[in-house]
Amino acid sequence: MGFSVTTLIFVVVGVIASLCARICCNRGPSTNLLHMTLIITATVCCWMMWAIVYLAQLKPLIVPVLSEGE
């Protein structure tokens, strides 16, 4: 549940940022394309970083081993 909800939050934030850039910084087609590319790339990179950290904590590769004294 947490993975899909947070993914949806990233999508919503990306769409809102794209709309804000489209409304506030409307300076021509090439500039708009650059802004959209940067926003989408930043959103996807932030989501991938979050997803990798989340999944690494969900199922770690290295399992802690307790000794007999602990």
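**Cysteines, paired helices and an aromatic cluster**

Cys46 counts as partly exposed, at 46% relative accessibility. The model is a predicted one. The closest cysteine sulfur to that of Cys46 belongs to Cys45. The separation is 7.1 Å, which is too far for a bond. Cys20 was examined in the same manner. Its relative accessible area is 42%, so Cys20 is partly exposed. The closest cysteine sulfur to that of Cys20 lies in Cys24, at 5.7 Å. This distance, too, is too far for a bond. A disulfide is a covalent bond between the sulfur atoms of two cysteines. The cut-off applied to the sulfur pair is 2.5 Å. Neither 5.7 Å for Cys20 nor 7.1 Å for Cys46 falls within it. The disulfide count comes to zero.

Two helices are described next. Helix H1 covers residues 2-24, and helix H2 covers residues 29-58. H1 has 23 residues, and at 1.5 Å a residue these should span 33 Å. The end C-alpha atoms of H1 are 32 Å apart, which agrees. H2 has 30 residues, with an expected span of 44 Å. Its end C-alpha atoms lie 43 Å apart, again in agreement.

Which helix do the buried residues of H1 pack against? They pack against H2. These buried residues are Gly14, Ser18 and Ala21. In H2, the residues Asn32, Met36, Ile39 and Ala51 are buried. The buried residues of H2 in turn pack against H1. An α-helix has 3.6 residues a turn, so residues three or four places apart point the same way.

Ser18 gives a local view of this packing. Ser18 belongs to helix H1 and is buried, with a relative accessible area of 14%. Sequence neighbours within four places aside, Ser18 is in contact with Met36 and Ile39. Both Met36 and Ile39 are buried in H2. Ser18 also has a polar partner. A polar atom of its side chain lies 2.9 Å from the backbone oxygen of Gly14. Gly14 is itself one of the buried residues of H1.

Val15 lies in H1 as well. At 44% relative accessibility, Val15 counts as partly exposed. Its C-alpha atom is 9.4 Å from that of Thr43. In sequence, Val15 and Thr43 are 28 residues apart.

Asn32 is found in helix H2. Is Asn32 buried or exposed? At 6% relative accessibility, Asn32 counts as buried. The limit for a buried residue is 20%. The Asn32 side chain makes a polar contact with the side chain of Asn26, at 2.9 Å. Beyond four places in sequence, Asn32 touches Arg22, Cys25, Asn26 and Arg27. Asn26 thus appears both as a touching residue and as the partner in the polar contact.

Aromatic side chains were then considered. The structure holds five aromatic pairs. One of them joins Phe3 and Trp47 in an edge-to-face arrangement. The ring centres are 6.1 Å apart, with 65° between the planes. This pair links distant parts of the chain. Phe3 is in H1 and Trp47 is in H2, 44 residues apart. Phe3 is partly exposed, with a relative accessible area of 28%. Trp47 is also partly exposed, at 26%. Both rings belong to a cluster in which ring pairs link Phe3, Phe10, Trp47, Trp50 and Tyr54.

Two annotated spans were compared with the model. UniProt, in an unreviewed entry, lists residues 1-17 as "signal peptide". In the model this span is 94% helix and 0% strand. Its end C-alpha atoms lie 24 Å apart. UniProt lists residues 37-56, also in an unreviewed entry, as "transmembrane region". That span is 100% helix and 0% strand. The end C-alpha atoms of residues 37-56 are 28 Å apart.

Technical notes:
Residues are numbered from 1 along each chain as its sequence is written. This is a predicted model: local features need pLDDT of at least 70, side-chain atom pairs count only at pLDDT 80 or more; totals for chains, interfaces and linings use all residues. Side-chain values use heavy atoms; hydrogens and water are left out. UniProt positions are given in the numbering used here, feature names are shortened, and annotations may be inferred rather than shown by experiment. Helices (H or I, at least four residues) and strands (E, at least two) are DSSP runs, numbered from the N terminus. Rings of Phe, Tyr and Trp (its six-membered ring) pair if their centres lie within 6.5 Å; planes under 30 degrees apart count as stacked, over 60 as edge-to-face and the rest as tilted. Buried means under 20% relative accessible area, exposed over 50%, partly exposed in between (1.4 Å probe, protein chains only). A polar contact is a pair of N or O atoms within 3.5 Å; within protein, one must be able to donate a hydrogen and the other to accept it, and residues adjacent in sequence count only if both atoms are side-chain atoms. Contact means heavy atoms within 4.5 Å. The expected span of a helix is 1.5 Å times one less than its number of residues.
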